[in-house]
Amino acid sequence: MSNCFILLAAGKGKRFKSKNPKQFINYKNKPLFMHSVNKAINSKLFKSILIVSNKPIKKINNKCIKVIKGGKERHQSSQNALNFIKNKKFKNVFIHDAARPNFSIKLLKRLNSSLKNNKAVVPFLKTDNSIKYKIKNRVKNLERDNLLFTQTPQCFDFKTLFNLSKINTLNVTDEASLFLNNNQEVKFIKGEKDNFKITIKSDLKKLNVKSFYGIGFDIHRLIKNKKLYLGGKQIPFHSGLQGHSDGDVIIHAIIDGLLGAMRKKDIGTLFPSNKIKFKNIRSPNMLSPILKTLDREGYFINNIDINLICEKPRVSKFRKKIINSLSNLLYINKNQINLKGKTVERLGLIGKEKAIACETIVSLNYYV
Ligand code: ZN
């Protein structure tokens, strides 16, 4: 795999009329551009993700993500990005406009497979509208069946695109234009209706939100000679949590909360403890199929509240570490997660430091 994903997020978005460029506004519970970043990561198709932005971006905790400055116009930002990676030996490059947050990972995969036999692959849609074309004062009819409305992500053989971009001085609005202007072949594949560009504020009003809630609970016994994992992080402690997996009560309770909100049964149904293949599984790996379902079905995490019930370790000592880890694992902002510590007055198994329990409430948004 030698693909690079370039995300163009440097536009000023004049038509959007907001102080905050539209790529950075909150859209479905996260900055708009992050939808594209997360999909690129989740697709596992990319070695590197390059964000082109003229606004500083808060550090994203992922080694394969880099941020560079853009140019005044879109084609200059694209040129900057291609120059930046020119010695990095990528075979292919995908270029995407951050203002299109709703494409699917399936589209990325279809583009990628078409690229095997082509140097440029571009998604497009047809239109249902009747089209007229104005030249000076004359308006003519255009045959709509001959019109292609192109979208991004578009993907290319890096070298070919780099050479075309280097000599280009025109203000093109996508990279497919560079190929077409130079009589180079472009493979057009079916785009997606949902992959519309957010241009004006009323595009956001198309969203109608429904909320769903899920509750999760889990408890594991503490045993000696096992590492303790909470929220995906190893926490120094005298014992670890017994179980078929690494016993991470926080992640297990979050999974049940997520499944609850999606109305998809429970963790035991998905990962039966009598299945050998799940033995000693790390809990972050149990989370990834759930997140895929979340993404596929169009749910977005709104917030998660967690009660960790134990005498020790003290939550206050590890709160930051655990929230950081969960924010990375769930692709959400740290301020969408709250972690509370609850002791039990030394009562019962938990009070005697022989078990740790966790309960969660998860809220999901679904946009229609
Ligand atoms: Zn568990």
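**Sheet, salt bridges and zinc site of a predicted model**

In this predicted model, Leu-308 is found opposite Gly-341 of strand 18. That pair of residues is a handy way into the sheet around it. Strand 17, which covers residues 299-309, runs parallel to strand 18, and six bridges join the two. Both strands belong to an open sheet of five strands, arranged in the order 16-13-19-17-18 with mixed pairing. Strand 16 (240-241) and strand 18 (337-342) are the edge strands; each has a single partner strand, so one side of each has no neighbour in the sheet.

Strands 17 and 18 are also joined through their side chains. Asp-305 and Lys-340 form a salt bridge, with 2.6 Å between N and O. Because Asp-305 belongs to strand 17 and Lys-340 to strand 18, this contact ties together parts of the chain that are 35 residues apart in sequence. Asp-305 is partly exposed, at 26% relative accessible area, and Lys-340, at 32%, is partly exposed too.

Why can such contacts form at all? Side chains of opposite charge can pair when their charged atoms come close. Across the whole structure, the search returns six salt bridges. One of them pairs Arg-282 with Asp-246, and their closest N and O atoms are 2.7 Å apart. Arg-282 sits in the loop between helix 8 (267-270) and helix 9 (283-296), while Asp-246 sits in the loop between strand 16 and helix 7 (249-262), so parts separated by 36 residues in sequence are tied together. How do the two partners stand with respect to burial: buried, partly exposed or exposed? Arg-282 has a relative accessible area of 29% and is partly exposed, whereas Asp-246 is buried at 6%.

Another salt bridge joins Lys-264 to Glu-297, with the closest N and O atoms 3.3 Å apart. Here, too, distant parts of the chain are linked: Lys-264 lies in the loop between helix 7 and helix 8, Glu-297 lies in the loop between helix 9 and strand 17, and 33 residues separate them. Lys-264 is partly exposed, with a relative accessible area of 29%, and Glu-297 is partly exposed at 31%. Elsewhere in the chain, Arg-74, Asp-97 and Glu-175 are connected in a network of salt bridges.

Helix 7 leads from these loops to the metal site. The zinc ion has three protein donors, namely Asp-218 through OD, His-220 through NE2 and His-252 through ND1, at 2.0 to 2.1 Å from the ion. Along the chain, the donors follow the spacing D-x1-H-x31-H. Asp-218 comes from strand 13 (residues 209-223) and His-252 from helix 7, which makes this a link between distant parts of the chain, 34 residues apart. Strand 13 is also one of the strands in the order of the five-stranded sheet. Asp-218 is buried, with a relative accessible area of 14%, and His-252 is buried as well, at 6%.

Turning to the cysteines, how many disulfides does the structure hold? The count is zero. Cys-310 takes part in none, and the nearest cysteine sulfur, belonging to Cys-358, lies 9.2 Å away; a disulfide would require the sulfur atoms to be within 2.5 Å. For Cys-358, in turn, the nearest cysteine sulfur is that of Cys-310. Burial was examined for both residues: Cys-310 is buried with a relative accessible area of 4%, and Cys-358 is buried at 0%.

Helix 1 (residues 32-43) offers another view of burial. Of its 12 residues, 11 are buried, so the helix is largely enclosed by the rest of the structure. The buried residues include Leu-32, Phe-33, Met-34, Val-37 and Ile-41, and among them are also His-35, Asn-38 and Lys-39. Lys-44 follows the helix and has a positive phi, near 60°.

On the scale of the chain, the domain assignment gives domain 1 (3-205) and domain 2 (209-367). The C-alpha centres of the two domains are 36 Å apart. Their contact draws on 10 residues from domain 1 and nine residues from domain 2.

Notes
Residues are numbered from 1 along each chain as its sequence is written. This is a predicted model: local features need pLDDT of at least 70, side-chain atom pairs count only at pLDDT 80 or more; totals for chains, interfaces and linings use all residues. Side-chain values use heavy atoms; hydrogens and water are left out. Two strands pair if DSSP finds at least two bridges between them. Helices (H or I, at least four residues) and strands (E, at least two) are DSSP runs, numbered from the N terminus. Buried means under 20% relative accessible area, exposed over 50%, partly exposed in between (1.4 Å probe, protein chains only). A salt bridge is a side-chain nitrogen of Lys or Arg within 4 Å of a carboxyl oxygen of Asp or Glu. Donors are N, O and S atoms within 2.8 Å of the metal (3.2 Å for Na, K and Ca); water is not among the atoms, so sites may look incomplete. Domain bounds come from an automatic or database domain assignment. Contact means heavy atoms within 4.5 Å.
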